[in-house]
Amino acid sequence: MLFEKFNSFVKGQKWFNADSRILLAVSGGIDSSVMMHLFHRSGMACAIAHCNFQLRGDESNDDEIFVCERAASLNLQIFSTRFETSAYAAENHLSIQMAARELRYNWFGKLAVAHHFDYIAVAHNRDDALETFFINLGRGTGINGLTGIPLVSGNIIRPLLFTSRQEIEQYANDHQISFREDSSNASDKYLRNYTRHKIIPVFEEAFPHFKKSLSQSLEKLNDARLLYQFAIDTQVENIVRQEKDFFYIDIPQLLKSPAPKTVLFEILRQYSFSSASVDEIFQLTEAMPGKLFYSSTHKLVKDRQCFIISKPEHEHTAKYYVDEGTTAINHPIHLNFEVFDQDAEFVIEKNSLVALLDYDKLSFPLILRKWQPGDYFIPLGMKEMKKLSNFFIDIKLSIIDKDNTWLLISGDQIAWIVGKRIDNRFKVTESTRKIVKIVG
């Protein structure tokens, strides 16, 4: 039954012709093993791609061996690779799940280009789409997230999205298809598993046909999404303009929209700005110019009548040097420097925008850079080291403000978290002879 439904569904999508080549992403689990069986049974030209993320020791290696053996038994070409996923996640400040996703899809894309595959098939099913709906609902997504998992994303297709996990299990049982069971699927510490095991069963108990009803609702939401996107595109034509590598959002035009915040969200999410970022940015539509915001890929600056979006020119990793004798800098931020002798009448100014540092304890050139995970300092008035990330939590700094925070570095030590707190090691004391005053 599933095979006939699969053929009918695939033909209805009109993805393939007689010359099409499909790369199947196969983990060894039940979904991808059934997908491999269906494609092979249909006679379509396909090959297998398997990723070993090396996260579960021998279990991961056994999965790799299993998939290679299954591909060989079906006489299918197999591509297999191993990733240092944990190291990649740490280097790029990603969760393990996001790191694995990034690694596999980048690799799939390279295989598709190198070996001329028309499509990359992944084995998400209808239940996965329902779980994604709940996860995105909890995260506060827009309408795009509420439509579940897209059937097509570029050259990524999901040919099992029409069927349920129960039908897949029945097909595997009927055809004696062997597969590997990922032990992590039983753990509710992962959000998807918690949704699958704890949340959806509650709804099924209250509504016996819940999964079918929600699937129908997702179809209606997808139609609504198309109409919504048409309306957004119409609005954006009058709001956004591009000049070379800069994008300008006309604030007066934006505010004429019947739902300006939603329109701004749809514009900015294309540049990797989060929903929380958009909330803060929208509050600045009538604020003074100059405020900076960063996403993982772009920066946004508030100008008088517009928001300007551009690539950040590596500001998150860039270092700016301040030589001895400098009196002012204007890039990447504006700072004034003044050096003077301490005298008996000197009174320490209590202003977070002003840093008063012991000149003789500084090592020039000073370095101005963004904060990085793992940074430590000794807050003024304290004796113990403190992680910057914990300090930011203590002072209730928003995500945006953290991204916009600069550090003034002396040698390899933080002298000043600009606009926030100086390091106790560089404070002015009675024995200080010369003071450097820095005003932000």
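**Reading strands and a helix in a predicted model**

Author: In this predicted model, four strands form an open sheet in the order β13-β14-β22-β15, and their pairing is antiparallel.

Reader: Which strands are the edge strands?

Author: β13 (328–329) and β15 (354–358) are the edge strands, each pairing on one side only.

Reader: How is strand pairing to be read, and how many bridges join β15 to β22?

Author: Strands of a sheet pair through backbone hydrogen bonds, in either a parallel or an antiparallel manner. Here β15 and β22 (residues 434–439) run antiparallel and are joined by five bridges. One pair of bridge partners is D358 and I435, the latter in β22.

Reader: Which side chains of strand β12 point to one face and which to the other?

Author: In a regular strand, side chains alternate between the two faces of the sheet. Strand β12 (residues 319–322) shows this alternation: Y320 and V322 are buried and point to one face, whereas K319 and Y321 point to the other and are not buried. β12 also pairs with strand β16 (residues 366–370) in the antiparallel sense, over four bridges. Within that pairing, Y320 lies opposite L368 of β16.

Reader: What span should helix α9 have, and how far apart are its end C-alpha atoms?

Author: At 1.5 Å a residue, the 16 residues of α9 (residues 191–206) should span 22 Å; the end C-alpha atoms are 22 Å apart, so the two values agree.

Reader: Where does α9 bend, and which of its residues are buried?

Author: The bend, of about 35 degrees, is at I200, and the proline P201 follows within four residues. N193, T195 and I200 are buried in α9. The buried residues of α9 pack against α6 (126–139) and α10 (210–237).

Key: Residues are numbered from 1 along each chain as its sequence is written. This is a predicted model: local features need pLDDT of at least 70, side-chain atom pairs count only at pLDDT 80 or more; totals for chains, interfaces and linings use all residues. Side-chain values use heavy atoms; hydrogens and water are left out. Two strands pair if DSSP finds at least two bridges between them. Helices (H or I, at least four residues) and strands (E, at least two) are DSSP runs, numbered from the N terminus. Buried means under 20% relative accessible area, exposed over 50%, partly exposed in between (1.4 Å probe, protein chains only). The expected span of a helix is 1.5 Å times one less than its number of residues. The bend at a residue is the angle between axes fitted to the seven residues ending there and the seven starting there. Contact means heavy atoms within 4.5 Å.
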